[in-house]
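Colleague: I'm new to reading helices in a model. Could you walk me through one?

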Amino acid sequence: MEIKDYLMKPTRLYQKIKKNEDCAAHWHRMASTVSAPAYDRERVAASRNTNAPFVAPLEKAIDLEQVIQRQYGELAELKREVTAVIYLLEDPMAQLVLLNRYIRLMDWEDILIELSLPRASMFRMHRDALKELEVKINAT
């Protein structure tokens, strides 16, 4: 696995968590809305569902929230692992660039502002740090 793919793991997991949170919010909205009877269909005598209409969406939301909680635990562990790898770098500024990008999940523009670096220097530092980490990881 390339070092950049490894460093991107927290970002990808965070994106999955956000999608699950959006889905859970959707199911909460569905549970809180009132459904209208379907007058356009013919009614057939069958066993009726005795659950309230909000039960199924609420169960789905609760299940997703449990998945989200588990994923947040995984994210914290993953961030600890990736942080340990980033601290293998000797240059503290390069560490900050990678920590801000891959652990704090900051945009490039925000990193530029926070670290007061010229754009070209930041991207060069990022590229060199990835190369250095690649060498250090492959050497072990």
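**Reading a helix**

Modeller: Sure. Helix 6 runs over residues 119-139, so numbered from the N terminus among DSSP runs (H or I, at least four residues). Its 21 residues reach 30 Å from first C-alpha to last, close to the 30 Å expected at 1.5 Å a residue, where the expected span is 1.5 Å times one less than the number of residues. This is a predicted model, where local features need pLDDT of at least 70, side-chain atom pairs count only at pLDDT 80 or more, and totals for chains, interfaces and linings use all residues. Residues are numbered from 1 along each chain as its sequence is written, and side-chain values use heavy atoms, leaving out hydrogens and water.

Colleague: Which residues of helix 6 are buried?

Modeller: The general idea comes first: an α-helix has 3.6 residues a turn, so residues three or four places apart point the same way. Here, Ser121, Met122, Met125, His126, Ala129, Leu130 and Leu133 are buried (under 20% relative accessible area, 1.4 Å probe, protein chains only). They sit on the same side of helix 6 because they cover an arc of only 165° around the axis, taken from the directions from the axis to the C-beta atoms.

Colleague: And how do helix 5 and helix 6 pack?

Modeller: Two packed helices are described by the angle between their axes and the distance between the axes. Helix 5 and helix 6 pack at about 105°, with axes 10 Å apart; axes are lines fitted to C-alpha atoms over the stretch in contact, with angles from 0 to 180 degrees between N-to-C directions. That makes helix 5 roughly perpendicular to helix 6 (65 to 115 degrees).

Methods:
Helix = DSSP H or I, 4+ residues; strand = E, 2+ residues; numbered from the N terminus. Buried < 20%, exposed > 50% of the residue type's maximum accessible area, 1.4 Å probe, protein only. Parallel < 35°, antiparallel > 145°, perpendicular 65-115°, else oblique.
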